[in-house]
Amino acid sequence: MKKTWWLILVTFLCLLSSSKGRDLKAMDKVNLPKYNHTLATILVQYASAVYLSDLTALFTWTCSRCDGLTEGFEIIELVVDVEHCLQAFVGVADDPHAIIIAFRGTNEHSLQNWIEDLYWKQHEINYPGMDDAMVHRGFYNAYHNTTIRPAILDAVDRAKKFYGNIQIIVLGHSMGGAMAAFCGLDLTVNRCEKNVQVMTFGQPRIGNAVFASLYSTLVPNTLRVTHDHDIVPHLPPYYYYLPSKTYHHFPREVWLYNVGLGSLVYRVEKVCDGSGEDPTCSR
Ligand SMILES: *[C@@H]1O[C@H](CO)[C@@H](O)[C@H](O)[C@H]1NC(C)=O
Ligand SMILES: *[C@@H]1O[C@H](CO)[C@@H](O)[C@H](O)[C@H]1NC(C)=O
């Protein structure tokens with residue numbers, strides 16, 4: 001199972017790094033920043049580095065994945081919740097000049113539990129202050145009900161003292177993407193941060209349709225990067241025949257996929273908008 005996980009992340013790395021970096025036309029109507037492939041290529045490296053368990057190498061940014069596009073990154077805080085197997089970091093990057101918050105996905109053992117949880121359980125809870133918006137209890141708790149949130153917010157405050165109101169980019173892979181989404185919303189709603197960008201890789205669905213729609217209004221600069229062989233973005237399953245019960249992706253998605261043609265492999269990037277459950281996208 002762990003191997004599969006890594007494969008997915010490595011696939012992301014490969015797809016992103018070897019792609020041509022074409023910026024896509026997207027969301028002109030609401031004036032959102034366009035998908036920036038160069039930026040995604042940089043950010044996926046942070047999403048990958050946060051998986052490493054050598055905390056010293058992470059803290060000094062000398063880890064095996066701490067070079068190249070992320071060289072010179074300054075870690076403000078490494079956040080580890082041993083009890084819940086969670087890990088994240090907050091730091092400041094030069095390019096993009098931003099506070100970067102990265103969340104790790106699950107480890108091998110709890111991944112099994114998560115997949116089962118996502119398939120079989122529909123534990124939804126009301127998102128505080130948002131009528132009818134329901135979210136996945138597990139993901140909500142992983143961010144809001146562990147030692148992660150206070151440590152992240154504290155580190156962001158410290159970074160801002162030093163660097164001022166620079167952009168905040170929140171990211172993560174898989175379940176880390178789910179936590180990143182909650183964190184981006186938290187910063188926007190509870191901390192009144194105005195310049196928050198969320199980019200997730202292979203993120204599962206985290207809330208119902210009301211939540212997804214409110215989310216994209218509140219945190220418009222949010223993008224899910226998805227790869228078609230990855231199972232996680234299809235979880236929890238989308239039940240088109242049960243609209244009131246189903247989980248729903250928030251709208252902006254870039255879908256990276258390969259189309260094999262003999263020995264040729266084409267890579268296509270597609271920006272899916274609309275409801276977030278565009279049938280031509282990862283659904
Ligand atoms: C895309 O992101 C890169 C990396 O942050 C940045 O240097 C570049 O200016 C961005 N491009 C656009 C069109 O915003
Ligand atoms: C937060 O965690 C505590 C202890 O594990 C639990 O009792 C509580 O129900 C959790 N909160 C939510 C909103 O699920």
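**Exercise 1.** Which residues make a nonpolar surface patch of about 250 Å²?

*Solution.* The patch in this predicted model is made by Leu55, Val80 and Val82. A patch takes residues with over 30% relative accessible area and no salt bridge, joining nonpolar side chains (Val, Leu, Ile, Met, Phe, Trp, Tyr) within 5 Å and like charges within 9 Å. Accessible areas come from the Shrake-Rupley method with a 1.4 Å probe, and for residues only the protein chains shown count as cover; a salt bridge is a side-chain nitrogen of Lys or Arg within 4 Å of a carboxyl oxygen of Asp or Glu. Next, place valine 82: this residue lies in the loop between strand E1 (74-81) and strand E2 (86-93), where helices (H or I, at least four residues) and strands (E, at least two) are DSSP runs numbered from the N terminus. Finally, valine 82 counts as exposed because its relative accessibility is 71%, the classes being buried under 20%, exposed over 50% and partly exposed in between (1.4 Å probe, protein chains only).

Residues are numbered from 1 along each chain as its sequence is written, and chains are lettered from A and ligands numbered from 1 in the order in which they are written. Local features need pLDDT of at least 70 and side-chain atom pairs pLDDT 80 or more, whereas totals for chains, interfaces and linings use all residues, and side-chain values use heavy atoms, without hydrogens and water.

**Exercise 2.** Describe how helix H7 and helix H8 pack.

*Solution.* Helix H7 (residues 175-189) and helix H8 (residues 209-218) pack at an angle of about 55°, with their axes 10 Å apart. The axes are lines fitted to C-alpha atoms, for helices over the stretch in contact, and angles run from 0 to 180 degrees between N-to-C directions. H7 and H8 are therefore oblique to each other, since angles under 35 degrees count as roughly parallel, over 145 as roughly antiparallel, 65 to 115 as roughly perpendicular and the rest as oblique.

**Exercise 3.** Locate the cis peptide bond before proline 96 and the one before proline 236.

*Solution.* One joins aspartate 95 and proline 96, with omega about 0°, and proline 96 lies in the loop between E2 and strand E3 (98-103). The other joins leucine 235 and proline 236, with omega about -20°, and proline 236 is found in the loop between strand E8 (222-227) and strand E9 (253-261).

**Exercise 4.** Is serine 282 buried or exposed?

*Solution.* Serine 282, in the segment after strand E10 (264-272), is buried because its relative accessible area is 4%.
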